[in-house]
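Here are a few exercises to work through with the structure open beside you. Try each task before reading its solution.

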Amino acid sequence: MYSRPYDPAKPMICMDEKPFQLLGETRGPIPAQPGKVEKVDHEYLREGTCSIFLFTEPLAGWRYVQAFERRTKKDWAHRVKWVLDNQYPDAEKVVLVMDNLNTHVISSFYETFPPEEAFRLAQRVEIHYTPKHGSWLDIAEIY
């Protein structure tokens, strides 16, 4: 995939989705003073979790990240629709490299949008899954 030449009519996008734990501070840092470094307490509060969606087009130097409260098929479908319609409206097809998760499937479009819209989106995306235990082959995993 990565040896293909850049093609604006068929851009290759890498996508990753990761859960993150949100942490807060229990105490604020003590500012640095002349001759003394800033002091930071490493105790933290758990503030919940979120899911980060990252899209990148390595051959064009484009990257987009957004956080959501959860990871669902509908969240994935809306993010891919946004990429297709807002970032690449003139591309005939978008090549999408990503992990093979249960939410990353064409049927997610049909569970989220009316059939005509789901079919339109499905026709505009070409999915390439990374192999099992090979998600590091997705450039978005590196970020």
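**Exercise 1.** In this predicted model, find which residues of helix α3 (residues 115-124) are buried, and work out how they are arranged around the helix.

*Solution.* Start by applying the cut-off: a residue counts as buried under 20% relative accessible area. In α3, this picks out E117, A118, L121, A122 and R124. Next, look down the axis of α3: these buried residues fall within an arc of 165 degrees, so they line one face of the helix. A general rule helps here: an α-helix has 3.6 residues a turn, so residues three or four places apart point the same way. Finally, turn to the face away from the buried side of α3, where you will find the exposed residues P115 and E116.

**Exercise 2.** What covers the buried residues of α3, and how does α3 run relative to β5?

*Solution.* First list the covering elements: they include α1 (73-87), β4 (94-98), α2 (107-112) and β5 (125-129). Then place the helix: α3 lies across β4 and β5, at about 60 degrees to β5.

**Exercise 3.** Determine the strand order of the open sheet, then place α1 on it.

*Solution.* Trace the 5 strands in the order β3-β2-β1-β4-β5, with mixed pairing. The edges are β3 (62-68) and β5, each pairing on one side only. On average, neighbouring strands are turned by 30 degrees against each other, direction ignored. Now zoom in on one pair: β1 (residues 12-25) and β2 (residues 44-57) are antiparallel over 11 bridges. There, F20 has C50 in β2 as its bridge partner. Lastly, add α1, which packs on the sheet and touches β1, β2, β3, β4 and β5; the direction of α1 makes about 150 degrees with that of β3.

Conventions. Residues are numbered from 1 along each chain as its sequence is written. This is a predicted model: local features need pLDDT of at least 70, side-chain atom pairs count only at pLDDT 80 or more; totals for chains, interfaces and linings use all residues. Side-chain values use heavy atoms; hydrogens and water are left out. Buried means under 20% relative accessible area, exposed over 50%, partly exposed in between (1.4 Å probe, protein chains only). Helices (H or I, at least four residues) and strands (E, at least two) are DSSP runs, numbered from the N terminus. The arc is that of the directions from the helix axis to the C-beta atoms. Contact means heavy atoms within 4.5 Å. Two strands pair if DSSP finds at least two bridges between them. Axes are lines fitted to C-alpha atoms, for helices over the stretch in contact, and angles run from 0 to 180 degrees between N-to-C directions.
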